[in-house]
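Please examine the sequence and the three-dimensional structure below before reading on. The paragraphs that follow lead through them step by step.

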Amino acid sequence: MIHIARTAEEAVALRHSLEGSAYLAGGTEMMRLGSSLSGVREIIDVSSLPLSGISNAGGKVRIGALTTLQDVKESLLVPAFIREAASFCASLQLRNAATIGGNFALRRSDSYLAAALLAGECSVELMCSEGVKVKSADEFFRKTECRALILSFLVDEGREGRVRRIGRTSHSHAAVIGAESMGCHAFSISGSGTACGHSRDAWKGIDIRDDLTGSAEYKRYLASVLF
Ligand SMILES: Cc1cc2nc3c(=O)[nH]c(=O)nc-3n(C[C@H](O)[C@H](O)[C@H](O)COP(=O)(O)OP(=O)(O)OC[C@H]3O[C@@H](n4cnc5c(N)ncnc54)[C@H](O)[C@@H]3O)c2cc1C
């Protein structure tokens, strides 16, 4: 069943009251055949909430959760390494629908944006059942059972950093994506997990496994030479 949320508060209340529910943002994962979300029976459509757009206030860039990856890629307000991470989604059609909130919330081990947002030490503004809270992206990412709705991401204006993606082709799943920003390193390693910390060895905290992108040994090597 599809429930159209009229406010962020209503969306969160539905998410808590409906067992096996999930939010629908761009729908690129939710509506994908064979998706890991194919068991979801109660869909909470948040796509018409006013949560898209990019602005700058008081030295912080705010990126609304419903902002598409294409809009992130094109915005000169967004730090360059985060824009580059949005372009790791090689398909224009996908970038035009997929949202930054949906991408981060999926916590995929080959996530386009997770490493950049974690290394950039972004904050996440959330609507929880108790109201609006601001958490670090890292704290949100580690809490896999969180039912909060992401409202926006906040990152320091002009934050500098770099991202690297290794995959067989631009359209294949990435084996390793790494990001570094002001000494904070984050790694997404396919089939294995995500880690961040103030060391270029932060990837060593991930239990790296073989998968279709390559062997564990190959991915360990890539992570060790990425920066
Ligand atoms: C062919 C194909 C290849 C893909 N390859 C990759 C890939 O290599 N790497 C990758 O990272 N992704 C990949 N994806 C998945 C997906 O397209 C992206 O991750 C996308 O950014 C998800 O955003 P969405 O808005 O479409 O999310 P949706 O599909 O609408 O939702 C996905 C999940 O995010 C949650 N969610 C959505 N918005 C919010 C919010 N504001 N707050 C809290 N939770 C929220 C939902 O509850 C749901 O669980 C691929 C998809 C396709 C179709």
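How do the residues of the shell around the ligand divide into nonpolar, polar and charged? They divide into 15 nonpolar, eight polar and four charged residues. In this count, Ala, Val, Leu, Ile, Met, Phe, Trp, Tyr, Cys and Pro are nonpolar, Asp, Glu, Lys and Arg are charged, and the others, Gly among them, are polar. The model is predicted, and for this reason local features need a pLDDT of at least 70 and side-chain atom pairs count only at pLDDT 80 or more, while totals for chains, interfaces and linings use all residues. Residues are numbered from 1 along each chain as its sequence is written, and side-chain values use heavy atoms, with hydrogens and water left out.

The ligand is a suitable place to begin. There are 27 residues around the ligand (a residue is near a molecule if one of its heavy atoms lies within 4 Å of it), and A25, G26, T28, M30 and T99 come nearest. Several polar contacts, that is, pairs of N or O atoms within 3.5 Å, can be described. A polar backbone atom of M30 is 2.8 Å from an oxygen atom of the ligand. Side chains take part as well: a polar side-chain atom of T99 lies 2.7 Å from an oxygen atom of the ligand, and for a polar side-chain atom of N103 the distance to a ligand oxygen atom is 2.9 Å. On its own, the ligand has 980 Å² of accessible area (Shrake-Rupley method, 1.4 Å probe), of which the protein covers 87%.

Which elements give two or more residues to this shell? They are β2 (21–24), α5 (100–106) and β8 (149–156); helices (H or I, at least four residues) and strands (E, at least two) are DSSP runs, numbered from the N terminus. The largest share, four residues, comes from α5.

Helix α5 also leads to the aromatic residues. Ring pairs link F104, F140, F141 and F153 into a cluster; rings of Phe, Tyr and Trp (its six-membered ring) pair if their centres lie within 6.5 Å, and planes under 30 degrees apart count as stacked, over 60 as edge-to-face and the rest as tilted. By this rule there are four aromatic pairs. The ring centres of F104 and F140 are 5.9 Å apart and the planes lie at 20°, so this pair is stacked. F104 belongs to helix α5 and F140 to helix α7 (residues 137–142), and the pair links parts of the chain that are 36 residues apart. The pair of F104 and F141 is tilted, with 5.1 Å from centre to centre and 50° between the planes. Because F104 lies in α5 and F141 in α7, this pair ties together parts that are 37 residues apart in sequence. F104 is buried, at a relative accessible area of 0%, and F141 is buried at 10% (buried means under 20%, exposed over 50%, partly exposed in between; 1.4 Å probe, protein chains only).

Backbone geometry completes the tour. Strands β4 (residues 54–57) and β5 (residues 60–64) run antiparallel and are joined by four bridges, where pairing requires at least two DSSP bridges. Within this pairing, N56 stands opposite V61. The two strands form a hairpin with two residues between them, and G58 in the turn has a positive phi of about 60°. R107, a residue other than glycine, has a positive phi near 55°; R107 lies in the loop between α5 and α6 (114–119).

Technical notes: A polar contact is a pair of N or O atoms within 3.5 Å; within protein, one must be able to donate a hydrogen and the other to accept it, and residues adjacent in sequence count only if both atoms are side-chain atoms.
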